[in-house]
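Please open the model in your viewer and keep the selection panel at hand. The tour below moves from one selection to the next and says what is found at each stop.

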Amino acid sequence: MGEETEKKIIEAIKSNFQDAIEEAEVLRPKRISITVRNNKMFEVARFLRDRLKFDYVLSVGAVDYIKENRFQVIYYLLSSKEKVVLMLRTNIPRDKPFTPSLISVWEAVNYHERETWEMFGITFKGHPNLTRLLLPEDWEGGYPLRKDFKLSSSEGG
Amino acid sequence: MTKKNQTRRLIVWDVFNQVYKKIIGWGRKYSLWPAHFITGCCCPEFMQVAGPRYDMERFGILPLPSIRQADVLVIIGVLTRKMASRVKMLWEQMAEPKYAMAIGACPIDKGPFYDSYSVVRADEIIPVDVYVPGCPPRPEAMIQGFMILQKKVEEGV
Amino acid sequence: MSEKSSKQVMRISWGPQHPMSGQVRILIDTDGERVLNIIPDIGFTHRGIEKILENRNIVQGVVPIERMVMVDTANIALSYVRAAEEILGIEPPKRAQYIRVIICEVCRILSHLYGFGLAAEACGGYPAVFLWSTADREPFLDLMERITGTRWSYSFFVPGGVYADFPDKIKEKFLATLEYFEERLEAYRRAWFENKIFESRAKDVGILKPEDAIRLGAAGPNLRGSGVALDVRKDEPYEVYDEIDFRVITQPEGDSYARLMVRYLEMVESVKIIRQAIENMPSGPYRKFVSPLKRLPKGEAYSRVETARGELGVHMISDGGTKPYRVKITSPTLRNLYVVSQMPKITEVLLADVPVILYSFDPWYLDADR
């Protein structure tokens with residue numbers, strides 16, 4: 001059950017984009033995680049789709065690291081041939097939450113990027129339709145999944 | 001008119017009224033038609049009640065498409081803010097006499113989502129006549145809820 | 001010239017109060033009978049489960065998350081529990097894994113019966129097939145009530161195993177129910193798949209080619225109905241699926257008929273899986289106790305489970321407390337709804353085909369809204 005396929009994928013990514021990759025590791029069999037600088041996201045995404053055949057998008061999400069003043073946007077990708085899951089991550093500052101939209105690379109990220117915008121307030125530049133998906137049309141309460149949005153059962157809520 | 005004739009008229013009118021109310025009550029309570037409308041996750045259990053084993057049509061409960069001709073608005077499952085504005089619209093479109101029923105723990109007091117930011121209670125939106133607790137309530141509990149509503153309908157004519 | 005000027009676009013709002021819409025509003029732009037655009041307007045059942053799970057520990061968290069899909073609660077609870085077990089670094093005992101697989105396959109049968117019945121109702125078979133499927137769920141619900149105590153939302157899985165062992169003499173009840181169900185499957189095949197009405201409404205309707213299915217992100221039986229053989233139970237076997245002999249069902253055509261045929265054949269495979277699991281189940285402990293107040297180690301885990309609607313993933317990130325820092329849920333229905341919305345662009349869709357296509361994708365909107 002070794003991790004040869006996963007290691008080969010990481011080698012291919014690292015050799016093509018040495019300075020754009022902040023972190024690349026095999027978490028366990030069939031799980032790869034790479035963290036990419038935000039300005040190189042588009043090129044890395046095209047490389048993953050065309051050369052490494054990561055063609056299926058599972059989802060797009062984000063994590064709010066409020067203590068370190070950053071958001072981390074995560075793209076969950078699957079290779080339908082190798083059956084390996086890759087998490088493509090990028091860090092963006094919390095006070096300037098902009099990241100390029102990857103809708104021209106994988107069109108299936110449409111609804112997922114809309115939901116991430118709605119829940120976190122992260123703007124995906126280049127997305128044709130950043131409008132409400134899950135929350136009511138007249139929602140004025142802020143961005144629910146941010147850590148400073150407290151529920152009634154949390155401390156300070 | 002003589003006093004004896006007046007009294008006789010009042011007695012006849014009173015007896016007629018009582019018989020009339022009994023007939024109308026019997027007719028109304030055995031033909032409570034809810035509109036086809038589900039709001040949340042208790043719906044498979046409601047479909048089992050409509051199925052062959054717990055047949056609810058033998059009590060006269062037949063779902064129908066149009067809200068204008070419906071007698072009872074059944075809120076089955078979670079009520080969120082986005083759906084609440086539609087529920088208010090539907091309630092105002094129904095013709096008198098109309099009743100409302102809240103099935104499930106969620107419309108009563110938010111259920112397992114007690115601290116959610118987008119779940120509301122049913123009686124903040126419309127006046128509810130019968131509450132059926134459970135998550136989801138057993139089919140026998142839903143039928144008992146309908147029987148309590150039938151008693152209320154008969155007495156309230 | 002006259003073609004362009006005679007185009008009159010009408011927007012139909014197929015709203016939340018409708019006998020066959022579910023908890024969604026679908027906007028359909030039509031020009032006569034031809035559909036130009038399908039826009040799903042979801043969010044009517046958005047409860048904020050991902051936010052709620054940050055305020056629940058790993059034992060309490062099973063309760064909100066399994067209410068994502070009420071007909072298929074075991075598979076979703078399994079995904080959450082496996083992510084927690086991966087962070088904790090524990091593996092449940094073998095008997096617990098067999099019990100989990102049996103309950104998950106029963107839930108797959110319940111969910112496919114539900115989806116099958118609704119698709120038949122969309123094509124016009126309400127009295128026959130929809131009510132049959134409602135009645136055929138009852139024996140399985142009785143079985144689940146004997147084992148777990150409730151009919152639908154079991155909350156039976158816990159990190160470390162399951163809450164209780166199988167009661168005595170449950171094996172005979174299982175075999176009797178499965179024998180009854182196999183007769184019913186034969187009746188469905190004769191009434192539905194050999195039915196000219198169903199063929200004319202569902203064959204060659206909503207054709208999805210394999211490249212489009214992957215590019216647009218279809219999930220589960222919809223992907224396999226276009227010939228793409230992706231199934232998490234075979235790609236990355238979890239629990240005891242690697243010790244059980246079953247095959248991945250695919251159909252090459254890609255139309256609505258093929259997608260429903262995949263669901264039907266998956267029910268047949270589930271019966272086989274349950275039979276093997278009951279025969280080979282070992283004896284032993286059913287739970288490795290983990291305290292709900294235990295502090296999770298720092299780390300993350302992404303677990304994948306094949307639910308009845310497609311692959312569902314739970315990405316759990318923990319920062320060392322008793323409650324997870326972030327739980328991200330990958331929903332299969334959100335992916336399927338995007339494919340439905342792009343259908344008018346890849347194939348010709350008439351207005352009467354819209355319910356057939358929508359229900360052949362088996363949407364459950366509480367799963368998309370979370």
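## Where chain C meets chain B

Begin by displaying chains B and C together in this predicted model: 28 residues of chain C are in contact with 31 residues of chain B. If you then colour the side of chain C that touches chain B by secondary structure, the elements that contribute two or more residues to it are α2 (49–52), α3 (62–66) and α6 (126–148) of chain C. Of these, select α6(C) next, since this helix supplies the largest share of that side, namely five residues. Recolouring the same side by residue class gives 13 nonpolar, ten polar and five charged residues.

## A stop at Asp212(C)

Staying with chain C, move to helix α9 (residues 210–216), where Asp212(C) has its place. Is Asp212(C) buried or exposed? Neither term applies in full: Asp212(C) has 19 other C-beta atoms within 10 Å, and because a residue counts as buried only from 20 upwards and as exposed at 12 or fewer, Asp212(C) is classed as partly exposed. Now add Ser226(C) to the selection and draw a distance between the two C-alpha atoms, which are 9.3 Å apart in space, while the residues are 14 apart in sequence.

## The largest nonpolar core

Next, turn to the largest nonpolar core, which has 194 residues, and pick out Leu77(A), Ile75(B) and Met101(B), the members that touch the most other members. Helix α5 (residues 94–123) of chain C provides the largest share of this core, with 19 residues.

Centre the view on Leu77(A) and, leaving aside its neighbours within four places in sequence, show the residues in contact with it: Leu48(A), Phe54(A), Tyr56(A), Val57(A), Leu58(A), Leu86(A) and Leu88(A).

## Chain A as a whole

Finally, zoom out until chain A fills the window, and trace its three helices and seven strands, which follow one another along the sequence in the pattern α-β-β-α-β-β-β-β-α-β. Taken along the principal axes, the C-alpha atoms of this chain fill a box of roughly 50 × 35 × 30 Å. The radius of gyration of chain A is 17 Å, which agrees with the value near 15 Å that a compact globule of 157 residues would have. Colouring by burial marks 38% of the 157 residues of chain A as buried. In a contact map of chain A, among contacts with a separation of 6 or more, 47% are between residues 24 or more positions apart.

Definitions and conventions: Residues are numbered from 1 along each chain as its sequence is written. Chains are lettered from A and ligands numbered from 1 in the order in which they are written. This is a predicted model: local features need pLDDT of at least 70, side-chain atom pairs count only at pLDDT 80 or more; totals for chains, interfaces and linings use all residues. A nonpolar core is a set of buried Ala, Val, Leu, Ile, Met, Phe, Trp, Tyr and Cys residues joined through C-beta atoms within 7 Å. Helices (H or I, at least four residues) and strands (E, at least two) are DSSP runs, numbered from the N terminus. Two residues are in contact if their C-beta atoms, placed from the backbone, lie within 7 Å. The radius of gyration is taken over C-alpha atoms; the globule rule is 2.2 Å times the number of residues to the power 0.38. Ala, Val, Leu, Ile, Met, Phe, Trp, Tyr, Cys and Pro count as nonpolar, Asp, Glu, Lys and Arg as charged, and the others, Gly among them, as polar.
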